[in-house]
Amino acid sequence: MKVSVNYDEKAPTRNAFGDEIVELGKERPEIYVVDCDIAKSCQTTAFSKALPNQHVNVGIAEQNGAGLAAGLATSGKIPFVVTYAVFGSLRMGEQIRQSICYPKLNVKIACSHGGLTPGNDGGSHQAIEDMGAMRGLPGMTVVMPADYNSTRKLVRAAADWEGPMFLRFTRDAVPSIYGEDEEFEIGKAKVLNEGIDVAIIANGDTVRLAIEAALKLEDEGLSVRLVDMHTIKPLDEDEVKNCIATGAIVTVEDHTIMHGLGAAVSQVVAREGGARVRQIGIQDQFGQSATYEELLEMNNITVDGIVEAVHELKA
């Protein structure tokens with residue numbers, strides 16, 4: 001395999017969003033940031049200082065932020081509502097549905113602290129249902145990049161994408177996978193390795209675990225198809241069909257297994273047939289206070305967990 005994980009270069013993907021949104025705002029005056037009073041945590045302080053006329057802080061009032069963003073969108077602006085993922089999906093849920101998705105407005109919900117990465121903040125701040133909740137809304141696009149460079153590229157692509165979008169970033173640092181020149185397309189999966197024996201499909205902060213697991217499996221003699229499914233809606237169904245051809249698929253996500261990446265892939269497999277699926281992710285439970293790595297271990301979202309799931313499928 002040509003792909004690898006660089007643990008010497010680590011950064012939270014929220015930092016990449018903060019860096020890219022400043023560049024976009026300078027290039028395009030129609031881009032606004034609607035902050036929910038957590039600019040420091042969500043990395044938009046630099047934007048507010050550089051572009052104060054394109055920045056609005058609504059306070060700790062996410063639902064108002066969604067409504068304000070909807071209004072901006074009707075006047076030709078491209079607003080990014082910025083908050084924590086747990087609030088930007090569930091607390092704002094009704095406003096996103098009624099005021100953004102129903103009228104098909106061009107609003108981006110850009111959220112830090114996705115999944116288990118807010119570990120020590122506890123279960124109340126761990127967004128483990130967010131992408132699934134957003135995936136269920138008609139017209140909503142759902143994206144989670146894997147590292148710093150892919151985040152910058154996908155945030156830039158989001159600014160050009162017409163319609164509602166939910167972007168999910170990590171609080172904790174994740175290692176580098178992609179170079180600065182790598183290209184990304186919303187709705188088009190990134191195939192990291194071709195393979196015929198088994199497919200591993202991951203997104204976000206779990207892509208690095210999938211890469212390490214694939215390397216182990218290839219050392220054992222298995223040919224692994226490895227996919228970064230950064231967009232879970234619209235799902236790249238053509239690539240899922242390519243994975244079905246291996247006969248065995250393992251999905252990996254920092255999200256509940258009930259309605260996220262694994263569920264989306266399983267729906268395609270159920271319709272098409274031809275493969276068995278194992279889902280690795282957060283079980284039907286809330287998070288709890290622990291470190292990010294400990295929480296991953298508790299849910300078997302590990303390299304060994306992925307390898308074990310592949311062995312079960314191939315037994």
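**Exercises: helix H4 and a cavity**

Just after H4, Gly76 takes a positive phi of about 90°. Here, helices (H or I, at least four residues) and strands (E, at least two) are DSSP runs numbered from the N terminus. We're working on a predicted model, where local features need pLDDT of at least 70, side-chain atom pairs count only at pLDDT 80 or more, and totals for chains, interfaces and linings use all residues. Residues are numbered from 1 along each chain as its sequence is written, and side-chain values use heavy atoms, with hydrogens and water left out.

**Exercise 1.** Work out which residues of H4 are buried and where they sit around the helix axis.

*Solution.*
1. Take residues 62-74, the 13 residues of H4.
2. Pick those under 20% relative accessible area (exposed is over 50%, partly exposed in between; 1.4 Å probe, protein chains only): you get Glu62, Gly65, Ala66, Ala69, Ala70, Leu72 and Ala73.
3. Look down the axis of H4: these buried residues fall within an arc of 160°, so they line one face. The arc is taken from the directions from the helix axis to the C-beta atoms.
4. Flip to the other side of H4, and Asn64 and Thr74 turn up exposed.

**Exercise 2.** Find what the buried residues of H4 pack against.

*Solution.*
1. Call it contact when heavy atoms are within 4.5 Å.
2. Two strands come up, E2 (31-35) and E4 (78-84).
3. Add helix H5 (85-91) and helix H6 (93-101), and you're done.

Methods. Expected span 1.5 Å × (residues − 1).
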